[in-house]
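Work through the following exercises with the sequence and the model side by side. Each task is followed by a solution that goes step by step.

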Amino acid sequence: VVELRDLDQTVIGNPAHDVVRLVLSLAMAARSSDLPGVTTTRITEDLVAGYERAFEGDAPSEAIDDLPSPIRLVMKRAVRRTWARLFEERLGEHRRGIPIGRQFWRLADDERAAVRQLVALEPIRQLVTILESRADNATISFVDAAFWVKGCSSLGLWRAAVLVEIADRSKKDRPRRTLSLLDIKQAVDATAPWAPGSNPALDPGERVLTGARKLAPALGSRMVAARMLDRSVFIRELLPQDLKVELDRVSAE
């Protein structure tokens with residue numbers, strides 16, 4: 001499926017905030033991709049038109065053959081992606097640790113201890129074992145963690161990459177052990193205002209989780225909200241198939 005992925009500001013509110021924020025992201029992506037200004041205008045017009053069609057119940061086809069060729073190419077590439085490729089892209093040659101450097105910074109001792117405690121919670125174990133290829137009764141253990149310098153979400157907010165090991169104890173001879181990479185992001189109160197009378201006073205992490213499950217269920221079903229060190233956070237496992245559609249690889253047409 002193709003879904004929205006940045007849902008940190010999710011609220012029940014004025015649809016104009018959806019359109020303005022999404023157009024801004026697309027316009028910035030178009031500008032950085034050297035697409036002409038008229039293309040940015042068409043993107044804006046088509047986004048508004050598509051948003052209106054969604055309210056009318058006009059659901060687009062999700063059959064892969066009906067998708068534009070750049071989207072179809074990304075989806076076919078996602079199907080072929082492996083765990084080895086994911087770890088190579090994120091961690092380089094490391095497999096048993098997160099490389100400290102420009103992208104990953106060391107955590108303070110209390111942060112590392114808090115992450116270790118978070119990983120030990122049952123909801124996190126269930127999140128990691130939700131995949132069909134993993135046993136429901138598999139156990140997970142903390143391996144490594146680091147602050148993740150990644151995009152705007154790490155500017156003034158806390159974010160961490162966490163490496164955990166999964167032990168499938170359903171094997172009779174010895175447990176099958178694999179690795180998983182988790183993304184923990186701090187959630188804060190939304191800047192976008194709630195519609196009058198619709199604010200359920202959710203914890204920020206629960207707010208993001210609820211919005212994701214409503215608007216992007218393929219993503220939201222693989223997320224968990226929690227609290228650590230007085231921070232509200234939400235957690236998801238990174239999968240090889242999670243790919244973004246980069247605008248600079250899409251033609252103006």
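**Exercise 1.** Locate D230, and state what its phi is and whether D230 counts as buried or exposed.

*Solution.* Begin with the position: D230 sits in the loop that joins β5 and β6, where helices (H or I, at least four residues) and strands (E, at least two) are DSSP runs numbered from the N terminus. Next, turn to the backbone, where D230 has a positive phi of about 60° although it is not a glycine. Finally, D230 counts as exposed because its relative accessibility is 75%; the classes are buried under 20% relative accessible area, exposed over 50%, and partly exposed in between, with a 1.4 Å probe and protein chains only. The model is predicted, so local features need pLDDT of at least 70 and side-chain atom pairs count only at pLDDT 80 or more, while totals for chains, interfaces and linings use all residues. Residues are numbered from 1 along each chain as its sequence is written, and side-chain values use heavy atoms, with hydrogens and water left out.

The neighbouring entry in the loop between β5 (223–228) and β6 (231–237) is L229. L229 also carries a positive phi, of about 50°, without being a glycine, and with a relative accessible area of 38% it is partly exposed.

**Exercise 2.** For α1, compare the span with the expected one, and determine which residues are buried and which are exposed on the other side.

*Solution.* First take the length: the 18 residues of α1 should span 26 Å at 1.5 Å a residue, and the end C-alpha atoms are 26 Å apart, which agrees; the expected span is 1.5 Å times one less than the number of residues. Then list the buried residues of α1, which are V19, V23 and A30. They are on the same side of α1 because they cover an arc of only 25° around the axis, the arc being that of the directions from the helix axis to the C-beta atoms. The general rule behind such a pattern is that an α-helix has 3.6 residues a turn, so residues three or four places apart point the same way. On the other side of α1, R21, M28 and S32 are exposed.

**Exercise 3.** Describe how α1 and α2 cross, and which residues make the contact.

*Solution.* Two packed helices are described by the angle between their axes and the distance between the axes. Here the axes of α1 and helix α2 (residues 37–55) come within 10 Å and cross at roughly 145°; axes are lines fitted to C-alpha atoms, for helices over the stretch in contact, and angles run from 0 to 180 degrees between N-to-C directions. The crossing is right-handed, meaning that the near helix is turned clockwise from the far one by less than a right angle. On the α1 side the contact (heavy atoms within 4.5 Å) is made by P15, D18, V19, L22, V23, L26, A27 and A30, and on the α2 side by T40, I43, T44, L47, V48, Y51 and F55. These residues divide into 12 nonpolar, two polar and one charged, where Ala, Val, Leu, Ile, Met, Phe, Trp, Tyr, Cys and Pro count as nonpolar, Asp, Glu, Lys and Arg as charged, and the others, Gly among them, as polar. What covers the buried residues of α1 includes α2.

**Exercise 4.** Which residues of α5 are buried, and against which elements do they pack?

*Solution.* In helix α5 (residues 109–119), E111, A114, V115, L118 and V119 are buried. Seen down the axis of α5, they fall within an arc of 135°, so they line one face of the helix. The face turned away from that buried side carries the exposed residues D109 and Q117. The packing partners of the buried residues are α6 (122–128), β2 (139–148), β3 (159–168), β4 (176–187), β5 and β6.

**Exercise 5.** Place A192, and find which residues it touches beyond four places away in sequence.

*Solution.* A192 lies in the loop between β4 and α7 (204–215), and with a relative accessible area of 18% A192 is buried. Leaving out residues up to four places away in sequence, A192 touches Q9 and V11. The C-alpha atoms of A192 and Q9 are 6.6 Å apart in space, although 183 residues separate them in sequence.
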